[in-house]
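Please look through the chain below together with its coordinates before reading on. The report that accompanies them is meant to be read with the structure in view.

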Amino acid sequence: MPLDKQLQQAVLAELGWDPSVNAAHIGVTANAGVVTLTGHVETYAEKHGAETAACRVRGVKAVAEEIQVELPFERTRGDDEIAAAVIERLAWDTSVPPDAVSVKVEQGWVTLTGSVTWQYQKEAAGQDVARLHGVVGLANQLIVTPAVNVPDITRTIRDALRRSCLLHDENITVRADGGHIHLIGTVGSAYERRIASVTAWAAPGATGVTNDLAIL
């Protein structure tokens, strides 16, 4: 069986296995390790979950996500309702600093702007939005502006990579220009590549990550 066909079937199996995704209307194609997801789902959270599930499959080098969110009639919301729900949800999330995020909603698309001090705070805000009814898309434009500048950020990231059970840190080179991190080297899957980015973003003082890790 050709490798692309095997990869296509593996991704379909992963989508079917993930309980957070209804894969009934999702199509999958594969070409030289690049997987394209098409079709439609009922929530933005499912759309994001499908992409995450595809990245977990060994052999996937990149995911082109072309899934559309088609809301059932009973789940449609006005932009004012969505904006109010987003503001309330962010206010309840202790991971998101109070008054740090500005919200704009246009035809179900939510745009977040503002500044936070950690990448996990930016991700938490995005996850809060993704789970809300009526949301069809998200532009998370929050800027990470660390409160402190750690001079030896390269060492702290390398130590974190070394602790990871998923990564072989000897295959990864870490360079830093101020708070901007550059990852170079090789990993075994798209999922490992994502873990490396998450690890780098978690370093105190990180303001940006360029991930040039190649997938073998």
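The text that follows takes up confidence, a sheet with its helices, a nonpolar core, some loop residues and an aromatic pair.

The model is a predicted one. Its mean pLDDT is 91, and 97% of the residues reach a score of at least 70. Among the elements of the protein, the lowest mean pLDDT, 90, belongs to H5, whereas the highest, 97, belongs to strand E5, which covers residues 101-106.

**The sheet and its helices**

Three strands make up an open sheet in the order E9-E10-E11, and the pairing within this sheet is mixed. Its edges are formed by strand E9 (172-177) and strand E11 (208-215), each of which pairs on one side only. On average, and with direction ignored, neighbouring strands of this sheet are turned by 10° against each other.

Strand E10, made of residues 180-187, runs antiparallel to E9 and is joined to E9 by 6 bridges. Within this pairing, Arg 175 has His 182 in E10 as its bridge partner. Helix H5 (residues 153-163) packs on the sheet, where H5 touches E9 and E10, and the direction of H5 makes about 155° with that of E9. Helix H6 (residues 190-201) also packs on the sheet, touching E10 and E11, and the direction of H6 makes about 155° with that of E11.

Returning to the antiparallel pair, Ile 172 stands opposite Gly 185 in E10. E9 and E10 form a hairpin that leaves 2 residues between the strands, and Gly 178 in the turn has a positive phi of about 65°.

The loop between H5 and E9 contains Leu 166. This residue counts as partly exposed because its relative accessibility is 33%. Apart from residues up to four places away in sequence, Leu 166 touches Tyr 191, Glu 192 and Ile 195. Leu 166 is also 30 residues from Ala 196 in sequence, with the two C-alpha atoms 9.2 Å apart in space.

**The nonpolar core and helix H1**

In soluble globular proteins, nonpolar side chains tend to be buried together. Here the largest nonpolar core comprises 59 residues, and those with the most contacts inside this core are Val 11, Leu 15, Leu 37, Val 110, Leu 112, Ile 181 and Leu 183. When neighbours within four places in sequence are left aside, Val 11 is in contact with Val 28, Val 35, Leu 37, Ala 54, Val 57 and Val 60.

Glu 14 is found in helix H1, which spans residues 3-17. Is Glu 14 buried or exposed? With a relative accessible area of 19%, Glu 14 is buried, because the class begins under 20%. Outside its neighbours within four places in sequence, Glu 14 is in contact with Ala 53, Arg 56 and Val 57. Val 57 is thus named among the contacts of Val 11 and among those of Glu 14.

**Residues in loops**

Gly 33 lies in the loop between strand E1 (26-31) and strand E2 (34-41). Apart from neighbours within four places in sequence, Gly 33 is in contact with Asp 4, Leu 7, Gly 59, Val 60, Lys 61 and Ala 62. Gly 33 and Gly 59 are 26 residues apart in sequence, yet their C-alpha atoms are 6.0 Å apart in space.

Ala 32 is also placed in the loop between E1 and E2. Its phi is near 55°, a positive value in a residue other than glycine. Gln 107, found in the loop between E5 and strand E6 (109-116), likewise has a positive phi of about 55° although Gln 107 is not a glycine. The accessibilities of these loop residues are set out below.

| Residue | Relative accessibility | Class |
|---|---|---|
| Gly 33 | 7% | buried |
| Ala 32 | 56% | exposed |
| Gln 107 | 68% | exposed |

**The aromatic pair**

A pair of aromatic rings is described by the distance of the centres and the angle of the planes. The structure holds 1 aromatic pair. The rings of Trp 118 and Tyr 120 have centres 6.3 Å apart and planes at 45°, so this pair is tilted. Trp 118 counts as partly exposed at 32% relative accessibility, and Tyr 120 counts as partly exposed at 46%.

Conventions. Residues numbered from 1 in each chain as written. Predicted model: local features only at pLDDT ≥ 70, side-chain atom pairs only at ≥ 80, totals over all residues. Heavy atoms only, no water. Pairing = 2+ DSSP bridges. Helix = DSSP H or I, 4+ residues; strand = E, 2+ residues; numbered from the N terminus. Axes fitted to C-alpha atoms, helices over the stretch in contact; angles between N-to-C directions. Contact = heavy atoms within 4.5 Å. Phe/Tyr/Trp six-rings, centres within 6.5 Å; stacked < 30°, edge-to-face > 60°. Buried < 20%, exposed > 50% of the residue type's maximum accessible area, 1.4 Å probe, protein only. pLDDT = per-residue confidence, 0-100. Core = buried A, V, L, I, M, F, W, Y, C linked by side-chain atoms within 4.5 Å.
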